[in-house]
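Got your viewer open and a selection box ready? Let's take a walk through this model, one click at a time.

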Amino acid sequence: MKLIIAIVHDDDSNKLVEKLTEANFGITKLASTGGFLKSGNTTLLVGTKEEKIDEVISIIKNVCKTRKEITTTSPMIGDNANFIPIPIEVVVGGATIFVVDIERFEKA
Amino acid sequence: MKLIIAIVHDDDSNKLVEKLTEANFGITKLASTGGFLKSGNTTLLVGTKEEKIDEVISIIKNVCKTRKEITTTSPMIGDNANFIPIPIEVVVGGATIFVVDIERFEKA
Amino acid sequence: MKLIIAIVHDDDSNKLVEKLTEANFGITKLASTGGFLKSGNTTLLVGTKEEKIDEVISIIKNVCKTRKEITTTSPMIGDNANFIPIPIEVVVGGATIFVVDIERFEKA
Ligand code: NI
Ligand code: NI
Ligand code: NI
């Protein structure tokens, strides 16, 4: 038995929980708070058999992969008249995945 | 030193914290959020010596064991007149318990 | 790769996140709730290479070390007239630190 601790961006967490649930993995979602981190994170706990780890990691990487998105700059307040929106590229997504060995596993 | 990560139903968490505290175990309670899970969960962290693990697990299983409760159905809104409450059996409780080895343990 | 799970008092958590971030450690801050614990705690997850563990633990111990502070008693409500504030010593801070081995570490 292994425990996968995955730290993902809030934006990706609902889709990830959905995909992992569809694949029959049991998930616990912990609320992470921002601190000095740039944006909100969600920490997921997934307990699974060793032979299923690759499947879980592959689902996480697929949903949460770092990708570039085009967004446009917003005008400063009070500076709307001559504002020309400029498309900028932002990096979204990303996940940090830790796999921990479980010495003992019990269900009540 | 071992770390016990226990995921329990919100309903059972206060009683469990009380019982573990009475037995002198130090507990950290993390807020879990629902996601696609049916109801709210609480994740507890309990650090303990190897020889006390059975005691912790036995307390968790005792407080959180899956049990059946009889509840009655509620009338749909606007459909009260002819409503006959039907007793239904629901499963409550349950816990998922992971035991992890701690390589190093420090107190500040 | 190791995962450091540190449970610290809320009062110390912002300074600790700041110090760890300055030292280039990636941190995830989980919201802990009180339960029967006397005051609020924050649980931090820090993933790091084995050779950096001492540095992380030393930063945590430095920021969160148990120390005594002098506070003064507050008058009971309705009992202000003859109240003489008495300085009392309270213990603040403290941290519980667990180091867990990470079998596999992945970034998406
Ligand atoms: Ni990110
Ligand atoms: Ni359950
Ligand atoms: Ni304390």
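Start by selecting Arg104(B) and Asp54(C) and showing their side chains: the two meet in a salt bridge, 2.7 Å from N to O. One thing to keep in mind as you look around is that this is a predicted model. Why would two such side chains end up together? Side chains of opposite charge can pair when their charged atoms come close. This pair isn't alone, as three salt bridges are found across the interface of chain B and chain C. Along the same border, nine residue pairs are in polar contact, with both partners at pLDDT 80 or more.

**Stop 1: the chain B side of the border with chain C**

Now colour the parts of chain B that touch chain C. The elements to pick are helix H1 (10-22), strand S2 (27-33), strand S3 (41-48), S6 and strand S7 (104-107) of chain B, each giving two or more residues to this side. Which of them gives the largest share? That's S2(B), with five residues. If you colour this side by residue class, you'll get eleven nonpolar, four polar and seven charged residues.

**Stop 2: the whole interface of B and C**

Zoom out a little and show both partners. Here 22 residues of chain B are in contact with 26 residues of chain C. How do you put a size on something like that? The size of an interface is often given as the accessible area lost when the parts come together. For chain B and chain C, about 1900 Å² is buried between them, and 62% of that is on carbon and sulfur atoms. Select Arg104(B), Glu106(B) and Ala108(B) next: these are the residues of chain B that lose the most area to chain C, together 31% of what that side buries.

**Stop 3: strands that pair across chains**

Switch to a cartoon view and pick S7(B) along with strand S6 (residues 95-101) of chain C. The two strands pair in the antiparallel sense, over four bridges. Click on Glu106(B), then look for its bridge partner in S6(C): which residue is it? You should land on Ile97(C).

Hop over to chain A and you can find another such pairing. S7(A) and strand S6 (residues 95-101) of chain B also run antiparallel, with four bridges. In this pairing, Arg104(A) stands opposite Val99(B) in S6(B).

**Stop 4: the interface of A and B**

While you're there, select the border of chain A and chain B. On it, 22 residues of chain A are in contact with 26 residues of chain B. About 2000 Å² is buried between these two chains, 62% of it on carbon and sulfur atoms. Arg104(A), Glu106(A) and Ala108(A) supply 31% of the area that chain A buries against chain B, more than any other three residues.

How many salt bridges link chain A and chain B? The count is three. For one to look at, show the side chains of Lys61(B) and Glu106(A), which meet in a salt bridge at 2.5 Å, N to O. On the chain A side of this border, S2(A) gives the most, with five residues. The residues of that side divide into eleven nonpolar, four polar and seven charged.

**Stop 5: looking down the axis**

Colour the model by chain and try some superpositions. Chain B can be laid on chain C by a turn of 120° and a shift of 0.0 Å along the axis, with an RMSD of 0.0 Å. That is the relation of a three-fold axis. Chain A goes onto chain B with a turn of 120° too, with a shift of 0.1 Å along the axis and an RMSD of 0.1 Å.

Which residue of chain B comes closest to the rotation axis? Select Ala31(B), whose C-alpha is 3.6 Å from the axis. In chain A, the closest is Ala31(A), also at 3.6 Å.

Why do the copies meet through different surfaces? Only 18% of the interface residues of chain B are also interface residues in chain C, so the copies use different surfaces to meet.

**Last stop: a salt bridge inside chain B**

Over all chains, a search of the whole structure finds 21 salt bridges. For one within a chain, select Asp12(B) and Arg67(B), whose closest N and O atoms are 2.7 Å apart. This pair links distant parts of the chain: Asp12(B) is in helix H1 of chain B and Arg67(B) is in strand S4 (residues 67-72) of chain B, 55 residues apart.

Conventions
Residues are numbered from 1 along each chain as its sequence is written. Chains are lettered from A and ligands numbered from 1 in the order in which they are written. This is a predicted model: local features need pLDDT of at least 70, side-chain atom pairs count only at pLDDT 80 or more; totals for chains, interfaces and linings use all residues. Side-chain values use heavy atoms; hydrogens and water are left out. Contact means heavy atoms within 4.5 Å. Buried area is the accessible area (1.4 Å probe) that two parts lose on being put together, summed over both. A salt bridge is a side-chain nitrogen of Lys or Arg within 4 Å of a carboxyl oxygen of Asp or Glu. Ala, Val, Leu, Ile, Met, Phe, Trp, Tyr, Cys and Pro count as nonpolar, Asp, Glu, Lys and Arg as charged, and the others, Gly among them, as polar. Two strands pair if DSSP finds at least two bridges between them. A polar contact is a pair of N or O atoms within 3.5 Å; within protein, one must be able to donate a hydrogen and the other to accept it, and residues adjacent in sequence count only if both atoms are side-chain atoms. Copies are superposed by least squares on the C-alpha atoms of residues with pLDDT of at least 70 in both.
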